[in-house]
Structures are given as C-alpha cells and as structure tokens.
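Please examine the following model with attention to its fold and its interior.

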Amino acid sequence: MNEKDRAIAEQLKKRLSGIVQLVDFKVFGSRARGDADEYSDLDVFIEVETIDAALQEAVSEAVWEVGYQNYTVISPLIFTRHELERSPLRVSPIVRSIAEEGVAV
C-alpha cells in the first residue's frame, strides 16, 4: 500500500473511531496489494462490535466525506464481530481474502 492510501485509511479510521467501536480496520484489494490504477477504489474492511441503522448512516457519511476530501472513492465492507464469528460469513471467500491480503491500519 502506498503512503497516500495509508494516510487516507488512517484518517478514515480516526474518524470512525469517534463514531463506532472498531474491532478491526484493514485495507484490502488492489490498493492493499499495490496493483491499483488511478481509477481503483480504496476497499476498507470495518469490523465493529455492534451496528444499527443510525450508526450505519453515520459510518457511510464519514466514509463519503473522507473520500470526497481526498478525491478517492472508498468502498467500505462492514461486519459485526458476531457476523464474523458465528454466521456463515466467517467462511466466505471475501472474508478469507481480507484475512490473507488485508493490511491492518
């Protein structure tokens, strides 16, 4: 991951930490692998303790604002701890991919 992407991810993580209880935060996909082009989005994995509709809206707004400020499309993937530990999602290909290639911020 390049320095600009890491800085954007750190800014977003800091912003989200004031909104919701983060369990994990990683960048994944082409920007994490370092093979992104100028049009690639910044994929972020956000694991939270719990989330409801109001928190989901606040997270979405923060993601949009940080992306807008940095001229970057940010694509969040949000899961709760419960979903990752006790639901079929725990064995999904995307979750496995994030575990393998995700870059912790």
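The questions below concern fold, compactness and core.

This is a predicted model, in which local features need pLDDT of at least 70 and side-chain atom pairs count only at pLDDT 80 or more, while totals for chains, interfaces and linings use all residues. Residues are numbered from 1 along each chain as its sequence is written, and side-chain values use heavy atoms, with hydrogens and water left out.

Q: In what pattern do helices and strands follow along the sequence of the chain?
A: Helices (H or I, at least four residues) and strands (E, at least two) are DSSP runs, numbered from the N terminus. The chain holds five helices and four strands. Along the sequence, their pattern is α-β-α-β-α-β-α-α-β.

Q: What is the radius of gyration of the chain?
A: The radius is taken over C-alpha atoms, and the globule rule is 2.2 Å times the number of residues to the power 0.38. For 105 residues this rule gives 13 Å, and the chain is close to that value, so it is as compact as a globular protein of that length. The radius of gyration of the chain is 13 Å.

Q: Which residues have the most contacts inside the largest nonpolar core?
A: A nonpolar core is a set of buried Ala, Val, Leu, Ile, Met, Phe, Trp, Tyr and Cys residues joined through side-chain atoms within 4.5 Å; buried means under 20% relative accessible area (1.4 Å probe, protein chains only), and contact means heavy atoms within 4.5 Å. The largest such core has 20 residues. Those with the most contacts inside it are Leu12, Phe25, Val44, Ile46 and Ile74.

Technical notes: Buried < 20%, exposed > 50% of the residue type's maximum accessible area, 1.4 Å probe, protein only.
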